[in-house]
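Trainee: I've got a structure to go through and a few things I'd like to ask. Can we take it step by step?

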Amino acid sequence: MSHLSEEQLDQIIAEEKARLEPPLNDWQTIAARAREEGLIRESPSRGWASSQSWVQAAAAVLLLIGGIAIGRTTIGLPSATQNTASLPSENAVPSSVPVVDAAQPSSASATFASLEEASATLDRAVEDYKRATEFLAANNSSGRPGDSAAMYSKRLVALDQVFNATESALQTAPHDPVINQYYLATMGARAATRQMVARPVVLRGF
Amino acid sequence: MSEMPIDQLDLKRAIAGDERAMQRLWSQHAPHIDAVVRRLCGDPELAADVSQEVWMQIFRALPSYRGDSQFGTWAHRIAVNRTLNALRKIRRLAKLEVDIEDDSAMVEMDNDRTFLAESIEQAMTKLSPGARAVFVLHDIEGYTHGEIGEELGITPGGSKSQLFKARAKLKKLLANLMDDSTTVAGKGKAHVAPV
């Protein structure tokens, strides 16, 4: 039986070092173990809800509506109809700002024939939301004792953090509708809050 | 081993239990990590089981990763430790210190006369577990004899001795590989290049 030389063996070892094979397990096996041990605490790819884009779209709408409702409740803004009725004439809608019909029936009961239709509705709602927040920030000047520039400054800091987080999330999942809605809603709220912080007088937000 | 710097955001998310971030870490590093597990174990089924343990340990230890070394280097060290521990548990590395004094790399000499390996991976299965560990850690993974001694609980001299014997046996087992390489180089011998 002949022998290899040291150089020949070194050559084989060098080739072995460079050799890569597929992993010994698939990810599902590893993930199952990690889930059992509680190392995976959330699973975006798991479950029926996250795998269906229409549920994501619905979640985005809920988020949007919920965010508006919570924002109004916490800041104490009157409802749309009350606001319209009580707004002084100088707060009339500027002609350049699109008018959103506050009396329009809620679309909560609406049904959609396709994902495209739901997505288009969602996009319109986001645009309306952004315009509404900007409009309110620019025109709603009715104040209350609890409001202060400091409160808006704190809010702006918090919104900056949310904005940075959602921006990072978008780099990972640029097409995720829920993250996109978070991002857009935060961006609109941040712009509006910045305007409030910049104002010299105590104002109410949206 | 050069590697892309680990995404800090992925690391934070993986520590927080985000599955996709963990999967990205696994996808990026599993080929290298699993390779060392496979070589140390020698047995594919055992290696697959040990690999699961290795990855659980890597994920558990993520919060302790400080970025002092590259992530792959850090994870690789965990893989080696965990694999050697697993081998000790099933007694494949038991009495290694005694084996070092014996001619453990030369066992099964009679069988070697009829066994000719077609790859170094196949040939390594003919080494004793201790000799294989020393060979893999030194010649393939780049550990020093001092580091190997610490990992295996042997002296650097013992590591050198074991490596010498392992290489001698591999040269014998792989002899036909290089003999054949000139005639079958075009037939897809995976690890052979013309000399």
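Mentor: Sure. One definition before we start: two residues are in contact if their C-beta atoms, placed from the backbone, lie within 7 Å. Keep in mind that this is a predicted model.

Trainee: Okay, which residue of chain A does Val37(B) touch?

Mentor: Leave out residues up to four places away in sequence. Within chain B, Val37(B) then touches Ala47(B), Val50(B), Ser51(B), Val54(B), Ala79(B) and Thr83(B). The list also holds a residue from chain A, and that one is Leu24(A).

Trainee: Which helix of chain B gives the largest share of the largest nonpolar core?

Mentor: That core has 55 residues, and Met22(B), Val37(B) and Leu174(B) have the most contacts inside it. Domain 1 (8–89) and domain 2 (96–182) of chain B each put in at least three residues. The largest share is 11 residues, and the helix behind it is helix 2.

Trainee: And how many charged residues are on the side of chain B that touches chain A?

Mentor: The contact takes 38 residues from chain B and 33 residues from chain A. Helix 2 of chain B brings the largest share of chain B's side, 11 residues. By class, that side has 21 nonpolar and five polar residues, and the charged ones number 12.

Trainee: Last one: is Asn85(B) buried or exposed, or partly exposed?

Mentor: Asn85(B) sits in helix 4 (residues 71–89) of chain B. Buried would take 20 or more other C-beta atoms within 10 Å, and exposed 12 or fewer. Asn85(B) has 14, so it counts as partly exposed.

Methods:
Residues numbered from 1 in each chain as written. Chains lettered and ligands numbered in written order. Predicted model: local features only at pLDDT ≥ 70, side-chain atom pairs only at ≥ 80, totals over all residues. Helix = DSSP H or I, 4+ residues; strand = E, 2+ residues; numbered from the N terminus. Nonpolar A, V, L, I, M, F, W, Y, C, P; charged D, E, K, R; others polar. Core = buried A, V, L, I, M, F, W, Y, C linked by C-beta atoms within 7 Å. Domains from an automatic or database assignment.
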